[in-house]
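Work through the exercises below with the structure in view. Try each task before reading its solution.

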Amino acid sequence: MTISQNKKVMFLSAHLSYGGAEKVLSELSCNLPDDIEQVIVLYEKEITYPYKARLISLDSPITSLSFFNRAYKFIQRILRLKKIIKMENPDCVISFMEEANFINIMVSENPIVTVHIMQSINPKKLSSLIAIKLLISVLYNSAKVIAVSKGVKNDLIKKFGVKEEKVQVIYNPVRINEIQILSGEEINDDFQGDNIPIIATCGRLTEQKGQWHLIRAFSEVRKRIPCRLVIMGKGELEGYLKELTRELNLQNDVIFLGWQKNPYKYIANADVFVMSSLWEGFGIVLVEAMACGLPVISTDCPCGPREILDLNNSKTNTKSAEYAEFGVLTPVCDGRFYKAEDSLTKEEGILADAIIQILSNKNLSEHYSKVGSQRAYDFDVKKIVQEYTLLLHKVCTSN
């Protein structure tokens with residue numbers, strides 16, 4: 001289904017690089033029907049993802065994290081976007097992430113806002129959380145809201161008072177076929193080395209992703225099975241993670257590959273993929289790993305992983321390793337920053353045991369590899385973009 005001729009969709013985002021929300025924007029831009037005119041408006045021209053649209057910059061980058069600077073930039077963006085909307089006259093505006101969502105609702109007549117994380121566990125300062133909760137409660141009922149998982153939807157309804165009829169769940173799109181092609185690219189370094197099992201993970205090196213818990217769990221796995229851990233991504237915790245690795249005497253067994261343009265060729269050549277997140281909105285990297293044919297293990301964090309790995313997702317917050325329909329769920333870790341000399345927590349121990357089970361049980365590994373790769377197609381970009389197209393048809397024709 002396509003939108004009738006002469007419809008224009010505007011996207012609003014801070015930038016078009018690295019983040020999961022920005023990746024969704026990129027996928028929509030590249031895959032929406034050709035009869036939709038697209039305009040992308042960014043705070044600044046920071047771009048690593050492809051797009052298929054006219055690009056407009058607000059020329060309003062964040063230069064300081066001070067309250068006054070952020071307030072000034074917020075007002076500046078409102079005024080500049082208002083002029084652009086008046087000039088472009090889009091049929092609807094789709095925004096990505098909190099601030100862009102707030103500005104979208106304040107400025108455009110037909111706003112669609114996307115929510116990619118549980119706002120009730122957003123690790124911001126209390127004053128910021130109070131302001132965000134107030135703005136969400138006041139503004140989101142004036143827009144069409146897209147939540148990237150059922151957990152995010154329920155959070156908006158129960159914690160922020162957003163009306164249920166205002167929120168629609170559309171999962172993040174994944175280019176399954178393209179990922180499978182990219183996963184076949186040759187690796188030109190000694191990634192596989194001495195042909196021992198490889199555990200892979202990929203994501204920003206931040207508190208949210210909890211990679212230090214995985215490193216500590218890996219230290220236990222390494223005692224029992226010769227193996228290697230490969231970490232892809234960059235972020236503010238890189239120094240802490242590397243120091244923890246040295247303190248655990250794992251520097252020869254943990255490889256930090258940094259941000260990779262094509263992480264899939266590394267994922268596909270690993271033996272298991274692990275996501276150790278403390279919280280998520282969806283967990284797109286799990287689907288990507290499944291598309292690469294890998295068995296996956298994820299913490300049962302709020303929210304997303306259970307919806308991906310367990311179709312009968314009535315349970316929450318597992319206390320033990322749960323061998324679900326499409327992958328393994330383990331208890332979410334406590335998020336405390338431990339040192340090498342600290343004993344493994346119960347949750348880290350369970351994660352270690354689950355990894356060992358996958359690495360040592362060929363039948364189980366092959367089973368999850370097969371069913372996981374099939375499950376990945378439920379999130380294929382063609383299917384998800386069709387859901388967005390139907391929504392745009394409804395919203396744009398009501399304008």
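**Exercise 1: A helix and its surroundings**

Task: Compare the span of helix α7 (residues 211-224) with the expected span.

Solution. Helix α7 has 14 residues. At 1.5 Å a residue, 20 Å is expected. From first C-alpha to last, α7 reaches 20 Å, close to that value. Keep in mind that this is a predicted model.

Task: Is α7 largely enclosed by the rest of the structure, or not, and why?

Solution. Start with the buried residues, those under 20% relative accessible area. They are Gln211, Trp212, His213, Leu214, Ile215, Arg216, Ala217, Phe218, Ser219 and Val221. That makes 10 of the 14 residues, so α7 is largely enclosed. Next, look for the packing partners. The buried residues pack against strands β8 (198-202), β9 (228-232), β10 (254-258) and β11 (272-275), and against helices α8 (238-247) and α12 (346-360).

**Exercise 2: The sheet**

Task: Find the edge strands of the open sheet of 7 strands.

Solution. Write down the order: β10-β9-β8-β11-β12-β14-β13, with mixed pairing. Then take the strands that pair on one side only: β10 and β13 (322-323). Inside the order, β8 and β11 pair in the parallel sense over 2 bridges. Ala200 has Phe273 in β11 as its bridge partner.

**Exercise 3: The core**

Task: Which residues touch the most other members of the largest nonpolar core?

Solution. The core holds 115 residues. Phe11, Tyr140, Leu156, Ile199, Phe273, Ile297 and Ile355 touch the most other members. Helix α14 (residues 381-397) gives the largest share, 8 residues. Now follow Ile355. Beyond four places in sequence, Ile355 contacts Ile199, Leu214, Val221, Val274 and Ile297.

Definitions and conventions
Residues numbered from 1 in each chain as written. Predicted model: local features only at pLDDT ≥ 70, side-chain atom pairs only at ≥ 80, totals over all residues. Heavy atoms only, no water. Core = buried A, V, L, I, M, F, W, Y, C linked by side-chain atoms within 4.5 Å. Buried < 20%, exposed > 50% of the residue type's maximum accessible area, 1.4 Å probe, protein only. Helix = DSSP H or I, 4+ residues; strand = E, 2+ residues; numbered from the N terminus. Contact = heavy atoms within 4.5 Å. Expected span 1.5 Å × (residues − 1). Pairing = 2+ DSSP bridges.
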